[in-house]
Amino acid sequence: MADTSDTRTPAQIEADIRRRRDVLAETLDEIGARVHPKTIVGDAKAKVVSNVDHTLGRAYVQVNRAVSDVKAQFVDENGSPRMARVLPAALVAVGVVGLLVLGPRRRKR
């Protein structure tokens, strides 16, 4: 049989009960704050913002890499333009712009 004798005084027992009630009250307050709708919404928003920031960061890196790759096609290591690549690209750009500008005018006639 278990020993059920308690050597604490009634005042010590009351102090233990009071301390335990304080701990439980603090725990309940914390649980209440965690399950409050505003806290849940705030946590969800923070998670979405974090995911968006991560996605935007990855997109920025990809765009930056693509721009660097394109720049490497038109500029050499010294930073001077590669005319053999710049001139054909410029001619193509002028041709496309010319077609876009002149295309609607020819249709109106």
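Read from the N terminus, the protein chain runs α-α-α. In this predicted model, the count comes to 3 helices and 0 strands. Two of the helices come up again below: helix 1, which covers residues 10-34, and helix 2, which covers residues 37-74.

The overall dimensions come next. A compact globule of 109 residues would have a radius of gyration near 13 Å, whereas the protein chain comes in at 36 Å. Along the principal axes, the C-alpha atoms take up a box of roughly 105 × 45 × 25 Å. One pair of residues gives a feel for the distances involved: R8 and V61 sit 53 residues apart in sequence, and their C-alpha atoms are 67 Å apart in space. V61 belongs to helix 2 and has a relative accessible area of 41%, so V61 is classed as partly exposed.

What share of the 109 residues is buried? The figure is 0%. The protein chain exposes about 10,100 Å² in total, and 62% of that area is supplied by carbon and sulfur atoms.

Some of that surface is a nonpolar patch. It is formed by L28, I31, V35 and I40, which together offer about 390 Å² of accessible area. L28 lies in helix 1. With a relative accessibility of 59%, L28 counts as exposed, because the cut-off for that class is over 50%.

Now for the charges. The protein chain carries 19 positive and 13 negative charges, and the mean positions of the two sets are 24 Å apart. Side chains of opposite charge can pair when their charged atoms come close. How many salt bridges turn up in a search of the whole structure? There are 4, including the three described here.

Two of these share D16. R8 pairs with D16, with 2.3 Å between the closest N and O atoms, and R19 also meets D16 in a salt bridge, at 2.2 Å from N to O. R8, D16 and R19 are thus joined in a salt-bridge network. Why are R19 and D16 about one helical turn apart? The two are 3 residues apart in helix 1, so about one turn of the helix separates them. As for solvent access, R8 has a relative accessible area of 36%, which makes R8 partly exposed. D16 is at 25%, so D16 also counts as partly exposed, given that buried means under 20%.

Another salt bridge in helix 1 links R34 to E30, and here the closest N and O atoms are 2.7 Å apart. These two residues are 4 apart in helix 1, so the gap between R34 and E30 is again about one helical turn. Are the partners of this pair buried or exposed? R34 is exposed, at 57% relative accessible area, while E30 has 40% relative accessibility and therefore counts as partly exposed.

Put together, helix 1 holds both the R34–E30 pair and the R19–D16 pair, and L28 of the nonpolar patch is found there too.

Key. Residues are numbered from 1 along each chain as its sequence is written. This is a predicted model: local features need pLDDT of at least 70, side-chain atom pairs count only at pLDDT 80 or more; totals for chains, interfaces and linings use all residues. Side-chain values use heavy atoms; hydrogens and water are left out. Patches are made of residues with over 30% relative accessible area and no salt bridge: like charges are joined within 9 Å, nonpolar side chains (Val, Leu, Ile, Met, Phe, Trp, Tyr) within 5 Å. Accessible areas come from the Shrake-Rupley method with a 1.4 Å probe; for residues, only the protein chains shown count as cover. A salt bridge is a side-chain nitrogen of Lys or Arg within 4 Å of a carboxyl oxygen of Asp or Glu. Buried means under 20% relative accessible area, exposed over 50%, partly exposed in between (1.4 Å probe, protein chains only). The radius of gyration is taken over C-alpha atoms; the globule rule is 2.2 Å times the number of residues to the power 0.38. Lys and Arg count as positive and Asp and Glu as negative; His and the chain ends are not counted. The place of a charge is taken as NZ of Lys, CZ of Arg, CG of Asp or CD of Glu.
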